[in-house]
Every structure is written in structure tokens, then in C-alpha cells.
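Ready to work through a protein fold one small exercise at a time? Have a look at the model first, then try each task before reading its solution.

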Amino acid sequence: MKKILQLRGQAKEDFYQSKYDYYKKFTMGTLVASCFVYFFLFVTDWQMYHYFSWLSVFLRSLVLIPLATVYYAYRKTNNYKIMATISFVMLHAIIWSNIWVTSYMTDQTHASEGFLVMSFFLLLLSFSAPPRYAIIAQLGLVFDILLAQGVLHYENIGVVLSFNLVVIFLLCIIDFIITIFYYDHYVTTKKLRIALYRDPLTQVYNRNKLEEIMGVGHDLSFMSENIFILIMDIDHFKKVNDTYGHAEGDRVLQSVADTIKGSLRGQDLVIRWGGEEFVAILFDSSQKQACEIAERMRETVENSNPGVCKVTISIGVARYNEGDCFETVKLADQALYQAKQEGRNQVVCYDKLISIQEKPTEV
């Protein structure tokens with residue numbers, strides 16, 4: 001639950017939009033079912049009040065109007081905020097309409113029992129909505145009960161309120177549980193989708209597919225709190241291709257990619273960024289640990305034997321601070337450029353680069 005509450009910005013929007021998209025058809029089906037239940041209550045009216053009322057049938061059939069409105073919005077927009085709001089409003093409108101229809105009945109003994117049925121439908125709608133929307137919708141039942149009291153004048157209003165408050169409290173807890181379960185599914189699905197997209201030569205992740213997976217905001221914050229990004233470049237790789245040919249150059253790329261993967265931990269990702277450049281994303285890592293991994297990676301490549309020629313890599317390291325992850329890649333790239341300027345085959349951290357740049361020049 002802590003990770004969900006820490007979602008910010010585009011990562012939060014992506015998560016709740018994904019949740020709505022996943023349950024979109026289920027939500028529409030729930031609304032249709034609630035309308036059918038509401039309409040066919042005219043049969044219950046007939047049984048409970050011992051007479052058939054065409055007025056009850058007519059009034060209950062009017063529920064098709066808000067249902068048609070919601071269906072129109074369903075076809076026109078996919079925004080979870082809009083759809084969650086109008087879906088909950090529609091369900092409350094059904095409750096208000098039921099209070100209105102019931103006010104025409106002479107026997108209103110069982111009128112309060114409908115709130116339990118509607119609270120169940122509110123729970124079903126909460127599958128596709130953020131918890132705060134669902135909680136507000138559930139608490140709206142208290143207003144509905146008080147509205148019904150003003151029209152129907154329950155003799156046991158205290159019992160009705162207290163019982164429904166207990167139900168509302170339990171359903172709010174369930175709303176959070178639903179969101180937690182979907183969050184686990186969301187993260188797992190993201191990681192599985194990443195696993196589908198690999199560079200065919202090096203068998204590491206493909207940059208273009210990673211951009212697609214991260215969404216519009218390229219936000220990684222939902223996956224971990226402390227993230228570091230490393231960008232690596234094979235030193236003088238053009239000379240390798242020119243001297244030994246592209247086939248041997250491919251062997252070098254494969255060897256370096258395998259060495260990089262072997263230097264990372266299980267939860268980390270490595271991406272072929274383009275040409276001879278690779279990017280590694282380290283999750284749940286401190287700066288010290290990120291630099292140690294980078295140095296171990298550099299040293300391992302230097303001491304490896306790719307079967308073509310000796311190769312080395314230069315590495316830039318930068319900390320990810322939420323937002324667009326490609327902005328952090330740019331910072332790591334600045335550190336990589338500094339590593340090349342200082343002779344290659346070394347690791348430069350962007351934080352240290354900043355401190356060097358800001359150091360006053362001695363006179």
C-alpha cells in the first residue's frame with residue numbers, strides 16, 4: 001500500500017488509467033446489471049404491495065436515460081476520472097430514483113434494504129476507480145439514507161444508519177485491498193511486457209520497446225524508490241568494426257552485453273541504447289552501490305576475452321529523481337562524455353561531475 005500512496009505525477013495517472021482500462025468492460029456490465037435489477041424491482045413492488053402498478057414500471061424504465069448517457073460517454077472517452085465520476089453518480093441517481101418511486105408506495109417497511117444492494121454495486125464499480133473515488137461514493141450512501149429519511153420517515157433510522165456505516169467501512173477497506181491486488185498485477189504485467197522486447201543481437205532489452213512500456217511520461221518511480229541509471233559506451237568500437245569487420249564487431253557487442261548482464265543484480269535491467277551504447281537501470285540501489293557495480297562492470301569488461309580483441313568501456317552514472325527517466329539518461333550521458341574526455345575506460349558519477357564544475361577557480 002505504501003508504494004501506491006507514493007505514486008506521483010504521470011506514474012500515478014498511468015496506474016489508475018491502466019486499472020480503469022483493465023476493468024472497463026466489467027464496469028459497464030455492472031452498470032447495466034444495476035439498471036436491470038432496479039427495473040425488475042417492479043415485480044418486487046407487485047409482490048410486496050399486493051398490486052401491479054404501471055406507474056412503477058414507467059418510473060423504473062426511465063433508468064434507461066442515464067444508462068444511455070453513460071454508454072455514450074463510455075464510447076467517447078477513456079479517461080478514468082470522467083468515467084469513474086459519472087458511473088458513481090449514475091448509481092446514486094438510481095438510489096435517488098428508487099427513493100422517489102418508493103415514496104408512492106403505501107407500505108415502505110422494506111425500503112431501507114435497497115441500500116445494501118446498492119452498496120454492493122458501488123463495490124463492483126470501485127474495481128475500476130481510485131480508492132478515493134470509491135470511498136466518497138460509499139460515504140455518499142449516508143446522504144442517500146438521510147434523503148430517504150426525509151421522504152420515507154423510517155421508524156428505525158438509527159439502526160439503518162449504524163448498520164450501513166459498518167458496511168460502508170468494510171467496503172472501503174475492500175476498495176483498498178482491490179487496489180493493492182491490482183497494483184501487484186500492474187507491476188508484474190509491466191515487467192513481463194519488458195521481458196518480451198529484446199534486442200535480437202545482444203538479447204538485452206530494446207530501447208524503443210522500453211519507451212513504449214514506460215508510457216507517455218517515461219516514469220519509473222512506480223518500480224522502486226532509489227534508482228540509478230548507467231550509460232556505457234564501448235571505447236573505440238568503430239576501430240573494431242573497421243579492423244575486424246562487422247561480424248566480429250557483433251561478437252564484441254554480444255560479449256560486452258553478456259558481461260554487463262553478469263555484473264548486474266537480478267532486479268536490474270540492461271538496455272541496448274543504440275550502436276555500441278548500453279543503459280543499465282539499477283533498482284533499490286544506493287549511490288555507493290551503483291558506483292561499485294559500474295566499476296566492477298568496467299573492470300570485468302577490461303579483463304574479459306571476447307575472442308576478437310581487448311575492449312574497454314566508459315561509464316556515466318546518474319541518480320533518477322522521478323519524472324521522465326530520459327532526463328536522467330541525459331545526465332548520465334554528460335558523465336559518460338566526461339569519462340571519455342579524461343581518457344576513457346573509467347567511471348564518472350554525475351554528482352561528482354557537478355561538484356567539479358561548481359568548484360571555484362583558484363586565482
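**Exercise 1. Which way do the residues of strand 2 point, and are they buried or exposed?**

Keep in mind that you're looking at a predicted model.

Step 1: Walk along strand 2 and sort its side chains by direction. I227, I229, I231 and D233 point one way, while F228, L230, M232 and I234 point the other way.

Step 2: Check the cover. Both sets are buried, so take buried here as under 20% relative accessible area. Counted over the strand, which spans residues 227–234, that's eight of its eight residues.

**Exercise 2. Find the strands that pair with strand 2.**

Step 1: Start with strand 5. Strands 2 and 5 run antiparallel and are joined by eight bridges. For two handholds, F228 has R319 as its bridge partner in strand 5, and D233 has S314.

Step 2: Now take strand 4, residues 277–283. Its pairing with strand 2 is antiparallel too, over seven bridges. Here you can look for L230, whose bridge partner is A280.

**Exercise 3. Work out the strand order of the open sheet.**

Step 1: Go past strand 2 to strand 5, which covers residues 313–320 and has seven of its eight residues buried. Strand 5 also pairs with strand 6 (residues 347–349), in the parallel sense and over three bridges. V317 and C349 are bridge partners there.

Step 2: Follow the chain from strand 5 to strand 6. The path goes through helix 14, residues 325–341, and this β-α-β crossover is left-handed.

Step 3: Add the pair formed by strand 1 and strand 3 (residues 269–274), which run parallel and are joined by two bridges. In this pair, N206 sits opposite R272.

Step 4: Put the sheet together. The order of the six strands is 1-3-4-2-5-6, and the pairing is mixed. Strand 1 (205–206) and strand 6 are the edges, each with pairing on one side only.

**Exercise 4. What does D233 meet in a salt bridge, and which parts does the pair tie together?**

Step 1: Find the partner. The side chain of D233 meets that of K340 in a salt bridge, at 3.4 Å from N to O.

Step 2: Place both ends. D233 belongs to strand 2 and K340 to helix 14, so this salt bridge ties together parts that are 107 residues apart in sequence.

Step 3: Compare the cover. D233 has 5% relative accessibility, so it's buried. K340 has 25%, so it counts as partly exposed.

**Exercise 5. Look for salt bridges inside single helices.**

Step 1: Try helix 11, residues 237–244. D242 and K238 form a salt bridge, with their closest N and O atoms 2.9 Å apart. The two are four residues apart, so about one helical turn separates them.

Step 2: Check the surroundings of that pair. D242 is exposed because its relative accessible area is 56%, and K238 is exposed because its value is 60%.

Step 3: Move to helix 12. K261 and D258 are three residues apart there, about one turn of the helix, and their side chains meet in a salt bridge at 3.6 Å, N to O. K261, with a relative accessible area of 32%, is partly exposed; D258, at 45%, is partly exposed as well.

Step 4: Look for a network. E295, R298 and E302 are linked by salt bridges. Across the whole structure, a search finds nine salt bridges.

**Exercise 6. Which polar atom lies 2.9 Å from the side chain of T259?**

Step 1: Locate T259 in helix 12, residues 246–263. At 13% relative accessibility, T259 counts as buried.

Step 2: Look for the contact. The backbone oxygen of S255 is 2.9 Å from a polar atom of the T259 side chain.

**Exercise 7. Find a nonpolar patch on the surface.**

Step 1: Pick out V166, F169, L170, I173, I177 and F181. Together they make a nonpolar surface patch of about 610 Å².

Step 2: Zoom in on one member. I177 is in helix 9, residues 157–196, and its 39% relative accessibility makes it partly exposed.

Definitions and conventions
Residues are numbered from 1 along each chain as its sequence is written. This is a predicted model: local features need pLDDT of at least 70, side-chain atom pairs count only at pLDDT 80 or more; totals for chains, interfaces and linings use all residues. Side-chain values use heavy atoms; hydrogens and water are left out. Buried means under 20% relative accessible area, exposed over 50%, partly exposed in between (1.4 Å probe, protein chains only). Two strands pair if DSSP finds at least two bridges between them. A crossover is right-handed if, with the strands pointing away from the viewer, the path from the first strand over the helix to the second runs clockwise. Patches are made of residues with over 30% relative accessible area and no salt bridge: like charges are joined within 9 Å, nonpolar side chains (Val, Leu, Ile, Met, Phe, Trp, Tyr) within 5 Å. Accessible areas come from the Shrake-Rupley method with a 1.4 Å probe; for residues, only the protein chains shown count as cover. A salt bridge is a side-chain nitrogen of Lys or Arg within 4 Å of a carboxyl oxygen of Asp or Glu. A polar contact is a pair of N or O atoms within 3.5 Å; within protein, one must be able to donate a hydrogen and the other to accept it, and residues adjacent in sequence count only if both atoms are side-chain atoms.
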